[in-house]
Amino acid sequence: MSANQLPNHLDSQPHSPEDLALLFNIYLEKRLQGQLTFYESRIRENDLNSDFTFTLGTFIMTLSSLLATISASTAIPLLALISAVLPALSALLAAFRQIYGWDRQSAIYRDAVLGLEKIRLLAPDDDRLPFSDITPIFPRVVMTSEAVFTAEVNQWGQIFTASAEQEEAQNVPRDPLARMIAAANLSDDQAAAIQSIVTAGKKSGMDVQTTVNTYSEVSVEMQPPADAPAAGIELTAAAETTTILNSPTDAPPAAPDTDYAVVPPQESLPDGDMPAPLEYGAPPADLAAMPDTPPAEETETETDQELPQSGAVG
Amino acid sequence: MSVKVQKKPSQFRNLFFIRRRPVLRGISTDWERPDEATYQQMLEWDGFVSPKIWEQHDPAKHPVIAQDMRDLDQHLLPTFYQFSQRAKYYQNRYYLYQWVFILGAFLTTLFGTLTTYVYNPFTAAAEQSAAAAAVTQPDIAATAEVGDGDVTLEDAPFTAQAGGGNTWTRIFGYLTALVGAVTAFFTALSNRGEPQKRWAKNRRLTEELRMQYFKYLAHLPPYDTNERVQKLRETVIDARIKEQENVS
């Protein structure tokens with residue numbers, strides 16, 4: 001047999017049952033159990049550090065308050081000095097908590113551990129393993145396990161992109177009612193109905209009617225995908241903006257009730273071309289003088305002027 | 001029969017400032033293959049299959065696995081360890097900079113507070129008077145240097161004698177400036193190289209290669225063909241290309 005024939009021969013050779021049994025054991029021991037041990041070790045370490053820094057930080061702040069109180073009554077300068085320095089020490093610990101992110105890492109590792117525990121259910125019990133055909137089981141175990149590891153790695157990478165969390169915080173509507181609606185996981189129709197009721201409390205009945213009608217028109221024109229979760233909310237917002245434009249031009253237009261009323265398509269503005277955000281409730285200068293209802297596209301363009309400063313642009 | 005209560009082992013060594021503290025030097029960017037015994041230990045430690053497995057199994061009965069292990073050892077593992085080494089390097093650099101920033105902020109606060117604490121306006125006024133008098137009337141200057149009696153040890157512990165408070169003020173001022181300079185230096189360093197981004201990228205690619213390792217052993221897609229070695233080589237090359245993307 002030549003040197004060239006050997007690899008070709010082996011490349012085309014499938015795994016034997018003995019190979020599969022060995023590979024299955026290798027995978028369970030090296031990959032699954034190894035990763036589980038790693039995750040559990042890291043969870044213990046992270047929990048220890050999280051508890052340690054939190055407890056010590058809390059103790060330091062308590063001590064600082066105590067010393068500040070004592071120094072106020074006894075006029076001992078050294079106590080005032082210590083009570084001034086201790087919060088900085090507590091902030092130091094908080095900064096370490098922030099950069100290491102022990103709690104978030106532990107949560108990710110716990111998810112991965114639970115996922116792997118579920119995957120272990122795919123494998124037969126140890127006593128029954130010798131009598132089981134692992135040919136169909138082995139690929140499933142490998143693929144599902146690797147999917148769990150991929151998810152863990154992806155989540156781990158997101159720890160560093162703190163902007164995701166920041167963006168999420170920035171995208172939370174400022175209006176309390178809007179926050180409640182957003183948190184309630186209502187359907188689009190329910191959210192629109194609530195918005196209509198709220199609008200009815202602020203405007204005349206005619207305005208409400210206009211709002212509902214306009215909502216229907218816009219929804220027909222835009223035809224949002226059925227599975228788009230926020231589409232209804234955006235449409236409601238567009239309807240409200242249209243309602244504003246239907247108001248008499250001499251009266252100041254009402255502000256949108258929701259902050260998500262101004263969520264634009266990301267391509268709507270070029271980079272560096274962001275207009276300054278308007279005052280809440282103030283009419284856009286060029287809108288106030290506009291007598292007629294513009295087409296829906298123009299309405300959307302105008303609402304873009306109140307873009308939140310999150311990652312929507314740039 | 002008494003049951004002995006199992007005590008929890010000390011976890012002191014797992015505290016972050018002992019176990020995870022960054023080092024100034026000692027971590028190389030590049031990986032060099034160690035001697036064979038150390039390399040086998042590394043494989044075991046990293047959860048790979050080392051040739052030690054053939055101490056319990058006959059390689060002649062598993063020629064495909066033996067061949068796959070050689071392929072992986074030749075094509076995938078060097079890149080894996082290269083990425084892993086770089087991930088460790090950039091991780092260390094990232095944490096080093098962060099530690100410098102955090103400790104710099106703390107020390108700046110500490111020294112600033114101490115500067116305010118030891119600053120004694122009466123001593124400062126006396127020194128200014130002495131300096132002014134030294135120019136015009138040397139006799140008065142000698143009197144002003146010892147102070148006017150308002151400064152006591154209880155009021156200012158660091159000022160054992162007239163002028164001491166301002167000495168400490170200067171010292172803490174210099175220390176504050178030094179800490180600020182060091183922090184600024186590391187800030188400039190950290191802006192170059194993006195250690196956090198590179199750490200994340202290298203670690204992600206490392207874990208991706210680890211996944212490919214086990215997929216290759218299992219002959220799962222895309223390694224379920226006769227050209228799986230070629231696929232493996234392409235995967236490794238792709239990973240190397242990804243690693244170089246957006247690197248400034």
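Trainee: The charged end of which residue sits over the ring of Y39(B)?
Mentor: This is a predicted model, where local features need pLDDT of at least 70 and side-chain atom pairs count only at pLDDT 80 or more, while totals for chains, interfaces and linings use all residues. Side-chain values use heavy atoms, without hydrogens or water, residues are numbered from 1 along each chain as its sequence is written, and chains are lettered from A and ligands numbered from 1 in the order written. A charge sits over a ring if NZ of Lys or CZ of Arg is within 6 Å of the ring centre and within 35 degrees of the ring normal. Here the distance from the centre is 3.7 Å, and the residue is R33(B).

Trainee: What kind of aromatic pair do F38(A) and Y109(A) form?
Mentor: Rings of Phe, Tyr and Trp (its six-membered ring) pair if their centres lie within 6.5 Å; planes under 30 degrees apart are stacked, over 60 edge-to-face, the rest tilted. These two are 5.9 Å centre to centre with 75 degrees between the planes, so the pair is edge-to-face.

Trainee: Is Y109(A) buried or exposed?
Mentor: Buried means under 20% relative accessible area, exposed over 50%, and partly exposed in between (1.4 Å probe, protein chains only). F38(A) has 34%, so that one is partly exposed. Y109(A) has just 3%, so Y109(A) is buried.

Trainee: And F186(B), buried or exposed?
Mentor: The ring of F186(B) pairs with that of F185(B), centres 5.5 Å apart and planes at 80 degrees, so that pair is edge-to-face. With 15% relative accessibility, F186(B) counts as buried.
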